[in-house]
Amino acid sequence: MKNIAFYIASRYLLAKKGSTAVTFITWLAVGAMMVAVTAMFVIISVFSGLEDLNKDLISNLHADLTIKSTSGKTLKNFDNINAILKNNKEISNFSRVIEEKVYINYNGKGDIAYLRGVDSAYIKVNPIHKDVFYGTYPSFKYSNEVLMENSLNNRLSIPVPSNRDYATIFMPKPGTGIINKEEDIYNKRDILVTGVFPGKDQLDNYIISPIELTEELLNLPKHSAYQIVIKLKNTENTDAVKQQLLSSFGKNIEIKTKEEENAAFWKMINTEKLFIYLIFALVIFITTFNLAGAIIILQLDKKEQARSLISLGFPLSHLRQIYLYTGILIVVSGIISGLILGTALCYFQQYTEFFKANETLPFPVKIVGKNYLIVTLTALVFGSLISWVFSKISKDYITKN
């Protein structure tokens with residue numbers, strides 16, 4: 001009987017109906033489901049693309065692991081930390097970093113910037129030298145050669161390479177007491193800009209310099225570090241390596257993964273994604289009421305056929321299954337066609353970059369297997385629920401004269 005119910009349901013959907021209105025309403029329900037599924041799949045795929053884009057944007061800002069002190073800015077017992085890191089076979093490279101806010105001036109133009117002092121091993125952790133689009137990465141032969149972020153360089157109009165055109169960096173001095181002369185306020189140093197790199201919204205207003213420059217401006221001893229950034233051989237072992245290092249270092253040291261360094265950022269992204277999902281889930285739920293109308297119209301149109309089946313001994317429960325299967329077939333047809341159309345639109349965007357968030361940035365799209373599952377389950381659950389509810393009222397239409 002179940003096979004018969006499914007066969008009849010498939011005939012109701014695919015065969016020519018007795019009423020043109022029934023045919024139109026049925027396929028309207030399929031079309032509405034297709035559009036809703038397409039929209040949800042495309043939007044979720046865009047958010048998957050945004051996740052990858054954001055990971056790329058912050059890749060220059062945070063390493064696989066970052067070591068900081070919990071008692072003050074400067075890491076203590078650096079020699080001990082250095083020895084432990086060198087002996088860890090999971091670590092590919094590591095680099096010392098000192099970062100502070102500074103004031104930079106060139107030809108009467110000034111701006112606030114972030115000075116990130118790094119050692120020569122920094123590019124092995126973060127290959128920022130590959131992003132230099134004009135000039136060259138500092139040679140590290142001289143402590144006053146720096147790399148500057150593009151928008152900051154444009155505002156100050158510093159020529160690159162600057163050769164003998166020096167800009168001046170001012171670093172405020174900590175301390176208390178009466179200020180008697182200019183040197184009591186800040187340390188300053190002339191710098192040469194050797195190259196320019198794009199900040200990608202995450203490193204805006206940054207200046208990358210040899211760490212010796214920051215040590216000099218902050219009056220710190222050699223081999224000082226505010227943090228140590230680490231590149232791992234295998235990022236899948238990040239948590240295990242973190243625990244190993246924490247047990248080796250003991251107190252007054254904290255280690256954060258790339259995700260932990262950006263916890264607030266990823267929480268915001270995931271919250272936005274959740275709200276977008278809930279909005280489009282609601283859209284699909286509302287769309288399923290077209291399905292309810294199609295089932296009701298079908299029951300009215302096939303009332304005489306239903307009575308004939310009942311008189312021939314067809315159980316009422318199986319008659320209800322006919323309308324349940326019909327609704328599910330409508331939903332499945334809408335899901336399949338919607339996913340096909342959504343996939344086609346995503347590939348179109350990937351290859352043509354036709355739709356743009358702004359003049360230069362196309363909407364990123366990433367086709368992920370789990371997105372198919374999320375959209376399919378959402379539409380199938382709502383569609384099956386509506387089909388089940390409205391298939392239960394078939395008795396009322398059969399018993400009416």
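In this predicted model, the exposed residues Asp79, Lys86 and Asn87 sit on the face of helix α3 that is turned away from its buried side. The buried residues of α3, which spans residues 78-87, are Phe78, Ile81, Asn82, Ile84 and Leu85. They cover an arc of only 165° around the axis, and therefore lie on the same side of α3. Such a pattern will be familiar from helices in general: an α-helix has 3.6 residues a turn, so residues three or four places apart point the same way. The cover over the buried residues of α3 includes the strands β1 (65-69), β2 (91-106), β9 (227-232) and β10 (253-257), together with helix α7 (238-249).

A second helix, α6 (residues 211-217), contains Glu215. This glutamate has a relative accessible area of 5%, and because buried means under 20%, Glu215 counts as buried. Leaving aside residues up to four places away in sequence, Glu215 touches Arg96, Ile98, Leu220, Pro221, Lys222, His223 and Ser224.

Turning to the loops, two residues are worth a look for their backbone angles. Ser157, in the loop between α5 (150-156) and β6 (167-172), has a phi near 60°, a positive value in a residue other than glycine. With a relative accessibility of 40%, Ser157 is partly exposed. Asn205 lies in the loop that links β7 (186-197) and β8 (206-210). Its phi is near 65°, again a positive value in a residue other than glycine. Asn205 is also partly exposed, at a relative accessible area of 21%.

How values were computed. Residues are numbered from 1 along each chain as its sequence is written. This is a predicted model: local features need pLDDT of at least 70, side-chain atom pairs count only at pLDDT 80 or more; totals for chains, interfaces and linings use all residues. Side-chain values use heavy atoms; hydrogens and water are left out. Helices (H or I, at least four residues) and strands (E, at least two) are DSSP runs, numbered from the N terminus. Buried means under 20% relative accessible area, exposed over 50%, partly exposed in between (1.4 Å probe, protein chains only). Contact means heavy atoms within 4.5 Å. The arc is that of the directions from the helix axis to the C-beta atoms.
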